[in-house]
Amino acid sequence: MMKIKENYSLLAHNTFGLDVKTRWFAEYESEEDLARFVSDTFFRSQQSCPVGQGSNLLFLDDFIGIIVHSAIRNVSVLKEDADWVYIQSGAGVVWDHLVAYCVQNGWGGIENLSLIPGEVGAAAVQNIGAYGSEIQDAIVEVHAFSLEKNQKVIFHRSECEFGYRESFFKKEPNKGRFYVTYVVFRFSKHPNFNLEYGNLKEVLHGKTITLQSVREAVIAIRQHKLPDPKLMGNAGSFFKNPYLCIAHLQGLRKAYPDMPFYPVNDEVVKVPAAWLIDQCGMKGATVGGAAIFERQPLVIVNKGGATGNDIAQLAEKVKTAVKQKFGVELRPEVNYI
Ligand code: EPU
């Protein structure tokens with residue numbers, strides 16, 4: 001059954017905690033519901049937008065159209081052997097519930113992605129990543145309904161065009177034209193732990209390395225560094241870490257020898273946007289109710305009463321400051337609606 005609400009508050013569907021409304025809010029519980037709904041002239045005559053928990057969305061205003069949300073929440077084991085288990089998860093499953101379920105069952109692959117806000121479908125679209133892992137490493141297939149073809153399409157991982165916080169589903173002209181219904185994952189029964197990123201090893205020092213202890217360490221680091229969206233609205237990293245060519249990096253390191261960077265390949269490095277923003281002295285900067293978070297300046301928080309425009313204006317200030325000081329263009333990880 002399709003659930004449709006009119007003039008619906010999106011407070012529960014954006015982690016910035018913005019009190020914006022949508023003209024229509026529609027929720028589907030099955031692929032059949034979705035197929036019927038999107039074929040209807042009521043749907044086809046309006047603008048529409050798929051959302052999960054809205055942990056990467058910035059609503060600049062009320063939405064005059066239909067916001068569509070997946071309530072497909074079943075998780076099932078498709079097949080397994082001695083080494084691997086294949087799991088199909090509904091797009092509406094809370095991401096961290098899936099991580100907890102895998103850790104409890106001894107299945108490795110997504111434990112480093114513990115506590116990332118959001119739901120499974122949006123997590124795949126966004127190719128979420130943290131502590132040296134990305135969701136794409138565990139994805140086998142993404143099942144999505146295509147508005148163009150008016151039918152379900154199964155994308156093998158190789159067709160999803162995954163990149164750093166990127167996928168086929170986010171790119172123009174595909175953006176907003178595919179509704180993810182299920183994601184199929186492959187998890188390992190003999191986990192290969194990935195503890196190389198940041199201070200993960202340090203936090204685990206002296207502890208037995210298990211899926212559970214890694215999950216707990218990631219949760220502890222995130223809780224220390226990142227604001228809890230339930231307490232202070234935010235969407236995690238607001239910008240992506242920019243890629244620079246080696247020549248640009250070398251030029252900058254003459255002036256800023258401490259500038260951190262991570263090699264991507266022989267020609268390109270990734271630079272922490274948090275460092276660039278920090279160097280611009282922007283920690284604590286505000287516009288209206290929006291502020292740069294002190295402990296992690298890549299995060300913009302709603303201190304209370306911020307509007308979407310406060311957040312967008314503050315982001316613009318950050319972009320301008322970083323561009324002026326370093327000649328580096330920051331690009332948002334957050335999607336503007
Ligand atoms: N830094 C500063 N000042 C600060 C904080 C950080 O200069 O106040 C610099 C330091 O050099 C630090 C570096 O920024 O080493 C990197 O910081 P951190 O390890 O927190 O990671 P990040 O690059 O800022 C990325 C992801 C996060 C993910 C972490 C851990 C992006 C855009 N962000 O952040 O993802 O949790 O690594 O893997 O890639 C998200 O996407 O929403 C998100 C939170």
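**Figure 1. Four strands in the order 13-19-18-17 make an open sheet with antiparallel pairing.** Strand 13 and strand 17 (286-287) are the edge strands, each pairing on one side only. Strands here are DSSP runs (E, at least two residues), helices are runs of H or I of at least four residues, and both are numbered from the N terminus. Two strands count as paired if DSSP finds at least two bridges between them. The model is predicted: local features need pLDDT of at least 70 and side-chain atom pairs count only at pLDDT 80 or more, whereas totals for chains, interfaces and linings use all residues. Residues are numbered from 1 along each chain as its sequence is written, and side-chain values use heavy atoms, with hydrogens and water left out.

**Figure 2. Strand 19 pairs in the antiparallel sense with strand 13 and with strand 18 (residues 290-292).** Strands of a sheet pair through backbone hydrogen bonds, either parallel or antiparallel. Three bridges link strand 13 to strand 19. In this pair, glycine 233 is opposite asparagine 302, and asparagine 234 has valine 301 as its bridge partner. Three bridges also join strand 18 to strand 19. Asparagine 302 of strand 19 is the bridge partner of alanine 290. Strand 18 and strand 19 form a hairpin, with six residues between them.

**Figure 3. Side chains of strand 19 (residues 299-302) point two ways.** Val299 and Val301 point one way, Ile300 and Asn302 the other. In a regular strand the side chains alternate between the two faces of the sheet. All of these residues of strand 19 are buried. Buried means under 20% relative accessible area, exposed means over 50%, and partly exposed lies in between (1.4 Å probe, protein chains only).

**Figure 4. The ligand is surrounded by 25 residues.** A residue is near a molecule or strand if one of its heavy atoms lies within 4 Å of it. The closest to the ligand are Tyr131, Tyr164, Asn241, Asp278 and Glu333. The shell around the ligand has twelve nonpolar, five polar and eight charged residues. In this classification Ala, Val, Leu, Ile, Met, Phe, Trp, Tyr, Cys and Pro are nonpolar, Asp, Glu, Lys and Arg are charged, and the others, Gly among them, are polar. The ligand lies between domain 2 (75-224) and domain 3 (227-336), because both give residues to the shell around the ligand. The domain bounds come from an automatic or database domain assignment.

**Figure 5. Side chains of asparagine 241, glutamine 296 and glutamate 333 have polar contacts with the ligand.** A polar contact is a pair of N or O atoms within 3.5 Å; within protein, one must be able to donate a hydrogen and the other to accept it, and residues adjacent in sequence count only if both atoms are side-chain atoms. An N or O atom in the side chain of asparagine 241 is 2.8 Å from an oxygen atom of the ligand. For glutamine 296, a polar side-chain atom lies 2.9 Å from a ligand oxygen atom. For glutamate 333, a polar side-chain atom lies 2.8 Å from an oxygen atom of the ligand. On its own the ligand has 830 Å² of accessible area, of which the protein covers 81%. Accessible areas come from the Shrake-Rupley method with a 1.4 Å probe; for residues, only the protein chains shown count as cover. Two or more residues of the shell come from each of strand 8 (129-130), helix 6 (211-225), strand 13 (233-237) and helix 8 (273-279). Helix 8 gives the most, with three residues.

**Figure 6. Asparagine 127 and glutamate 161 have a positive phi, and the peptide bond from glutamate 172 to proline 173 is cis.** Most residues other than glycine have a negative phi, and most peptide bonds are trans. Asparagine 127 has a phi of about 45° and is in the loop between helix 4 (120-126) and strand 8. With a relative accessible area of 0%, asparagine 127 is buried. The phi of glutamate 161 is about 50°. Glutamate 161 is in the loop between strand 11 and strand 12 and, at 40% relative accessibility, counts as partly exposed. Proline 173 is in the loop between strand 11 (151-156) and strand 12 (178-188). The omega of the cis bond before proline 173 is near 0°.

**Figure 7. Threonine 22 is in strand 2 (residues 21-28).** Threonine 22 is buried, with a relative accessible area of 1%. The side chain of threonine 22 reaches the backbone oxygen of tryptophan 24 at 2.8 Å.
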